[in-house]
Amino acid sequence: MAARKTTPPPPEPQEPDVVEEGQAEEEPQERTAVEAAYVEALHREREGYTRYGREGRAAAVEAELKRLGAPLERAVTRPPETA
């Protein structure tokens, strides 16, 4: 009789990071170019959803921005003035 193969048990879920009261969160690190582009794309996506009244989708994008620790509003940049 052939030996029966067994599958290994699934890995145990990792415990979420617990921050003690009074413990300051770490300073946000500089974003890589890819991360910065992703955040910028999320801002554009959120603006489009807001413009066309898709508040549910805009809220989902806001949740992703919060998860990333990005501000919900983009910084306003102006093109350089020419003389």
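Helices are DSSP runs of at least four residues, coded H or I, and they are numbered from the N terminus. The structure described here is a predicted model. In this model, helix α2 covers residues 55-68, and just after α2, G69 takes a positive phi of about 75 degrees.

The length of α2 was checked against its number of residues. At 1.5 Å a residue, its 14 residues should span 20 Å, and the end C-alpha atoms of α2 are 20 Å apart, so the two values agree. Four residues of α2 are buried, namely A58, V61, E64 and L65. Viewed down the helix axis, the buried residues of α2 fall within an arc of 115 degrees and therefore line one face of the helix. An α-helix has 3.6 residues a turn, so residues three or four places apart point the same way. The face of α2 turned away from the buried side carries the exposed residues E55, G56, K66 and R67.

The buried residues of α2 pack against α1, a helix formed by residues 33-51. One of these buried residues, A58, is in contact with R46, Y49 and T50, when neighbours within four places in sequence are left aside. The largest nonpolar core consists of 7 residues: V39, L42, Y49, A58, V61, L65 and A70. Two elements, α1 and α2, each give two or more residues to this core.

Two residues of α1 were examined in turn, beginning with E45, which is found in this helix. E45 counts as partly exposed because its relative accessibility is 29%; the partly exposed class lies between the cut-offs of 20% and 50%. Apart from residues up to four places away in sequence, E45 touches R57 and V61. The C-alpha atoms of E45 and V61 are 7.6 Å apart in space, while the two residues are 16 residues apart in sequence. V61 is also a member of the largest nonpolar core.

H43 is likewise found in helix α1. With a relative accessibility of 5%, H43 counts as buried, because buried means under 20%. The side chain of H43 reaches the backbone oxygen of P71 at 3.2 Å. Leaving aside neighbours within four places in sequence, the contacts of H43 are L65, P71, L72, E73 and R74. Of these contacts, L65 is one of the buried residues of α2 and belongs to the largest nonpolar core.

Conventions. Residues are numbered from 1 along each chain as its sequence is written. This is a predicted model: local features need pLDDT of at least 70, side-chain atom pairs count only at pLDDT 80 or more; totals for chains, interfaces and linings use all residues. Side-chain values use heavy atoms; hydrogens and water are left out. Buried means under 20% relative accessible area, exposed over 50%, partly exposed in between (1.4 Å probe, protein chains only). Contact means heavy atoms within 4.5 Å. A nonpolar core is a set of buried Ala, Val, Leu, Ile, Met, Phe, Trp, Tyr and Cys residues joined through side-chain atoms within 4.5 Å. The expected span of a helix is 1.5 Å times one less than its number of residues. The arc is that of the directions from the helix axis to the C-beta atoms. A polar contact is a pair of N or O atoms within 3.5 Å; within protein, one must be able to donate a hydrogen and the other to accept it, and residues adjacent in sequence count only if both atoms are side-chain atoms.
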